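Got a few minutes to get to know a protein chain? Grab the viewer and follow along.

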Amino acid sequence: MASSSSAKRIVFTGGSGKAGRHCIPYLLSKGHSVLNVDLVPLDHPEVHTLKTDLTDSGQVFNALSSHFHLSHYENPRGPGGVGVEKPDAVIHFAAYARNMLVPDSETFRGNVLSTYNVIEAACKLGIKKVVIASSETTYGVCFAQGDVDYHCFPLEEDYDNDPEDTYATSKLCGERCARSFAKRFPGTDIYALRIGNVIEPHEYEPDFPDYVNKPETRKRNAWSYIDARDLGQICDLCVQKDALGFQVFNATNDTITTKEPTAEILKRFAPNTPITREMGEYEAPLSNRKIREVLGFEDEHDWRKYVKIER
């Protein structure tokens with residue numbers, strides 16, 4: 001449990017989704033209060049869901065200045081005549097989660113407009129910490145047509161991201177919005193997380209053996225992943241770490257999703273892709289080095305804890 005001084009009031013968009021439903025319990029375990037802003041409710045007794053269309057800027061401004069629970073109407077009036085406390089942070093995960101859920105034009109419209117609206121409202125309401133979900137897909141291979149190589153390994157945050165698909169492009173637009181508003185509103189921290197392939201606890205047993213034993217199927221995810229619970233830790237670290245301005249962080253676990261060392265996998269499946277620095281023996285090609293060094297991330301849910309490896 002966090003101390004009262006480090007406990008924050010957090011608006012979390014998309015908290016009912018695959019990642020959010022694990023991140024929110026982690027944040028609660030650290031003593032934070034959370035309002036879930038989503039179109040479907042989160043099944044959690046401590047969290048209220050405010051149904052909100054994030055592509056409507058008026059609804060977003062209202063959601064980010066809302067009570068967190070009906071019981072908060074019992075709070076005394078504040079200096080402005082209302083008893084609503086300003087959130088300390090906004091974590092924006094709500095989005096169309098990939099291509100082909102809706103037509104491409106709607107993927108772009110919904111993802112870019114909702115991200116713009118959330119960042120704009122947070123900045124104009126004086127909320128000093130915003131965390132947005134970007135994506136591994138921005139590295140250009142996940143949804144590329146055909147077999148496409150990465151520019152180099154490891155994939156780090158200074159990479160020349162040049163995706164061709166709509167979903168990844170929408171996420172890059174979100175990063176650009178974040179950078180723009182952080183410059184426009186000095187003192188506001190906006191961190192973009194390039195989130196790897198999210199794995200929920202129940203997915204290890206049925207899914208991971210194929211990931212491990214068929215590495216040829218995992219190039220599009222750069223043989224990397226993020227445990228949904230460890231993503232909760234990353235969200236907490238972002239909320240706690242101040243004064244970085246605009247930042248991009250890869251959000252992945254430490255290790256490659258294969259039995260073989262990283263160098264062997266890259267030589268076999270990406271022989272023409274240059275290696276720009278020495279990598280750890282089992283380092284994930286979508287490297288989390290920055291988030292470890294800057295935020296202090298510690299991998300708690302390595303896949304090897306949950307998957308039996310036959311050698």
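Here is a quick tour, from the whole chain down to single residues.

Keep in mind that you're looking at a predicted model. The protein chain is built with eight helices and nine strands. Its radius of gyration is 20 Å, close to the 19 Å that the globule rule gives for 311 residues, so the chain is as compact as a globular protein of that length.

**The whole chain**

- Measured off along the principal axes, the C-alpha atoms fill a box of roughly 65 × 35 × 35 Å.
- Out of 311 residues, 53% count as buried.
- Take the contacts between residues at least 6 apart in sequence: 75% of them join residues at least 24 apart.
- The accessible surface adds up to about 14,300 Å², and carbon and sulfur atoms account for 50% of that.
- On the charge side, there are 36 positive and 45 negative side chains, and the centres of the two sets sit 3 Å apart.

**Cysteines without a bond**

- A bit of background: a disulfide is a covalent bond between the sulfur atoms of two cysteines.
- How many disulfides does this chain have? The count is zero, going by a cut-off of 2.5 Å between the sulfur atoms.
- Why is C123 not in one? Its closest cysteine sulfur belongs to C177 and is 11 Å away, which is too far for a bond.
- C238 misses out too, because the closest cysteine sulfur, in C235, is 6.5 Å away and that's too far for a bond.
- Is C123 buried or exposed? It counts as buried, because its relative accessibility is 5% and the cut-off for buried is under 20%.
- C238 is buried as well, with a relative accessible area of 0%.

**Two buried residues and their contacts**

- Look for T257 in the loop between strand 9 (246-251) and helix 7 (262-269).
- T257 has 0% relative accessibility, so it counts as buried.
- Which residues does T257 contact, leaving aside neighbours within four places in sequence? They are F208, Y211, V212, R218, W223, S224, Y225 and W303.
- A178 belongs to helix 4 (residues 166-184), and it is buried with a relative accessible area of 0%.
- Not counting residues up to four places away in sequence, A178 touches I119, I132, I190 and F246.
- Try finding A178 and I119 together: they are 59 residues apart in sequence, but their C-alpha atoms are 6.9 Å apart in space.

**Backbone oddities**

- For context, most residues other than glycine have a negative phi, and most peptide bonds are trans.
- Where can you see a cis peptide bond? Go to the one from F153 to P154, where omega is near -5°.
- P154 itself is in the loop between strand 5 (129-135) and helix 4.
- A222 has a positive phi, near 55°, and it isn't a glycine.
- You'll find A222 in the loop between helix 5 (204-213) and strand 8 (226-227), where it is buried with a relative accessible area of 1%.
- A243 is another residue other than glycine with a positive phi, this time near 70°.
- A243 is in the loop between helix 6 (228-240) and strand 9.
- Is A243 buried or exposed? It counts as exposed because its relative accessibility is 71%, and the cut-off for exposed is over 50%.

How values were computed:
Residues are numbered from 1 along each chain as its sequence is written. This is a predicted model: local features need pLDDT of at least 70, side-chain atom pairs count only at pLDDT 80 or more; totals for chains, interfaces and linings use all residues. Side-chain values use heavy atoms; hydrogens and water are left out. Buried means under 20% relative accessible area, exposed over 50%, partly exposed in between (1.4 Å probe, protein chains only). Helices (H or I, at least four residues) and strands (E, at least two) are DSSP runs, numbered from the N terminus. The radius of gyration is taken over C-alpha atoms; the globule rule is 2.2 Å times the number of residues to the power 0.38. Contact means heavy atoms within 4.5 Å. Accessible areas come from the Shrake-Rupley method with a 1.4 Å probe; for residues, only the protein chains shown count as cover. Lys and Arg count as positive and Asp and Glu as negative; His and the chain ends are not counted. The place of a charge is taken as NZ of Lys, CZ of Arg, CG of Asp or CD of Glu.
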